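Please open the structure in the viewer and display the chains as ribbons. The tour below proceeds by selection, one stop at a time.

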Amino acid sequence: MIFGVSIYEILTVSTIIFFIGIYGFVTRKNLIAMLMSVELILNAGALNFVVINKYLFPDALGGVIFSLFIIAVAAAETALALAIIINLYRLIMSLKTDDLETMKF
Amino acid sequence: MNLNNMLLMRHELILTTVILILIIADIFTADKNKKSVNYIALGLFALHTVIGFIPLKTGTLFGGMFVTDPMVYGFKNILNTGVLLIILLAISWVNKKGLQNNKVGEFYILMFSSLLGMFFLISSRNFLMLYLSLELSTLPVTALAAYDIFNRKSSEAGIKLILSAAFSSGIFLFGISLLYAAGGSLYFSELEGHIGHSYLSIAGLIMFFAGLAFKISLVPFHFWTADVYEGAPTPVSNYLSVISKAAAVFILMISLFVTLKELKDIWIPVLYGISVLTMFTGNLFALRQKNLKRFLAFSSVAQAGFIMMGMLSADHLAASSVLYFISIYIFSNIGAFGVVQLVALAAGGKENIDDYNGLYRTNPMLSLVLMISLFSLAGIPPIAGFFGKFFLYTSAASKGFYVLVFIAVVNVTISLYYYLLVVRAAFLRKSENPIPYFKSDIFARIGLIIVVIALFLLGLYSPFYDYIDSVTKILNI
């Protein structure tokens, strides 16, 4: 608990981060930037878990532990995505989504 | 927790052992003998599949996070059989693509790891477990989609899959956090009946549903499907289209029917709309495809719409008809993808529908298998797919969704048209240079024979449906 800060303020921040992530994922044209947006979304989720646990259900630790797992899984996801991006960069020498697109409707 | 309790997760323990043995075997096999890793993987997995059929006790582990009951392990056995068939069909492909750059063992290790994730996914009764197992089942598949590292399309499929999977799991997480706020727990059993009916829980439900809908490729979330299926290696597309979809449908069904049943009046209209949209979009896009893998991708999107239609009635009949349909769908789709893969392997990457002109004259058996699988997907009577669809209609009609059943019948008619286009190309069209005759290896032939036998038996052999109907009684709906 932070003195003087209610749950509404923190949840507002996490929701804003979440939607910044979604906006970034949809509008960015660079693969790394898209990956960063996904990280924002995951971190908004992690923040939510910690806050909800601390303010609403302080007698159990489910949410806090969940957030630790989110951080670990996000790292694994990023590592795999970066590996694929590096391989793709070797093949097409670009990170732009426009150059990437060969398969379309 | 003692050994007796641990045996409840026998499927997972044996599969983990198989993965470890494979890693060691892959290290200690000399480079010129790498082919034998295939046979080790196949033998161990076949053993695992057979052991899986021994019945297990019912019980929970880890304080209720993990559950085993006849429905769960019966479904695990269905998934095992599907993966075994995929491996049988994939061996010749893995030898061709993986042997020269020493990546044979990798294919099996990644596929089994993903299957391990699926096992935990369908056993999980806790949102933390659900999230972790969802990631465990997705991440190895993305690595597999980019398996063919010198192929640009394969890498493209990999990056599309990982980005959309990460995006969807982010939305999924946010939804879970809202459900956690509404219910105060992460356990399904404690959430049941405590979620309430507020804007908070509805927002949580929608985001949770969106995350899983990405995996099942329901319509507003299906954009990755066609690209990934086309770009990824065919055995991987096969795996994605059946096993991964089936496990996600199973856990979606459990969580909607049991945990979130308070919000029934919200998710039933949502499922209704999504089912109609999914059927129409999948079918209409499938009409204009030239590439057979893209075509099968859109057909699998349309099939997901039919599955959602069966889930609408939210009772035992819905659960058993969905599980029955999925187990038949696994066999039909594996058959269709298997033929595409064998032809592409033998004829140097020919995947377009026009390339199949005159296939019956050169490869009669293969085109018969293709025909039976496609007829099963379309739902033509003597073959199992018809019975699967029939039960889905029964389930939807039992709660009075007659309009939806009518829409579904219209969609079956559309789908019959495009499935028949492929059959016409193979059987009636003539071609100047058809795909020449080729002989597949013994494993692929065994796999296709099992598929064909299953497609004829599963529909007509009624104890199979009775079995599924009896195990779904466990669901506390």
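**Helices across the chain boundary**

Select helix α3 (residues 62-92) of chain A together with α7(B): in this predicted model, their axes come within 9 Å and cross at roughly 165 degrees. Angles over 145 degrees count as roughly antiparallel, and α3(A) and α7(B) therefore run roughly antiparallel to each other. Their crossing is left-handed. Now show side chains: on α3(A), the residues making the contact include Gly63(A), Ile70(A), Glu77(A), Leu80(A) and Ile84(A), while α7(B) contributes, among them, Arg152(B), Ser155(B), Ile159(B), Leu173(B) and Tyr180(B). Coloured by class, the contact of α3(A) with α7(B) comprises 14 nonpolar, four polar and two charged residues.

**The wider interface**

Extend the selection to the whole boundary, where 30 residues of chain B are in contact with 34 residues of chain A. On the side of chain B that touches chain A, the elements giving two or more residues are α6 (127-145), α7 (152-183) and α10 (223-231) of chain B. Which of them gives the most? It is α7(B), with 16 residues. By class, this side of chain B has 16 nonpolar, eight polar and six charged residues.

**From α7 to α9 within chain B**

Keep α7(B) and add helix α9 (residues 199-216) of chain B; the two axes come within 7 Å and cross at roughly 155 degrees. These helices are therefore roughly antiparallel as well, and α7(B) passes α9(B) in a left-handed crossing. Residues of α7(B) to display include Ser164(B), Ser168(B), Phe172(B), Gly175(B) and Leu179(B); those they meet in α9(B) include Leu200(B), Ala203(B), Met207(B), Gly211(B) and Phe214(B). The contact of α7(B) with α9(B) has 15 nonpolar, seven polar and no charged residues.

**Helix α18 of chain B**

Move to residues 402-427 of chain B, helix α18. Its 26 residues should span 38 Å at 1.5 Å a residue, and its end C-alpha atoms are 36 Å apart, which agrees. Buried residues of α18(B) include Leu404(B), Asn411(B), Ser415(B), Tyr418(B) and Tyr419(B). Their cover includes α12 (264-287), α13 (292-311), α15 (359-362), α16 and α17 of chain B.

**Helix α19 of chain B**

Finally, select residues 442-460 of chain B, helix α19, whose 19 residues reach 28 Å from first C-alpha to last, close to the 27 Å expected. Among the buried residues of α19(B) are Ala444(B), Gly447(B), Leu448(B), Val451(B) and Leu455(B). Add α4 (70-98), α14 (316-346), α16 (364-378), α17 (384-398) and α20 (462-471) of chain B, which are included in what covers the buried residues of α19(B).

Methods: Residues numbered from 1 in each chain as written. Chains lettered and ligands numbered in written order. Predicted model: local features only at pLDDT ≥ 70, side-chain atom pairs only at ≥ 80, totals over all residues. Contact = placed C-beta atoms within 7 Å. Helix = DSSP H or I, 4+ residues; strand = E, 2+ residues; numbered from the N terminus. Nonpolar A, V, L, I, M, F, W, Y, C, P; charged D, E, K, R; others polar. Expected span 1.5 Å × (residues − 1). Buried ≥ 20, exposed ≤ 12 C-beta atoms within 10 Å, placed from the backbone. Axes fitted to C-alpha atoms, helices over the stretch in contact; angles between N-to-C directions. Parallel < 35°, antiparallel > 145°, perpendicular 65-115°, else oblique. Left-handed = near helix turned anticlockwise from the far one by under 90°.
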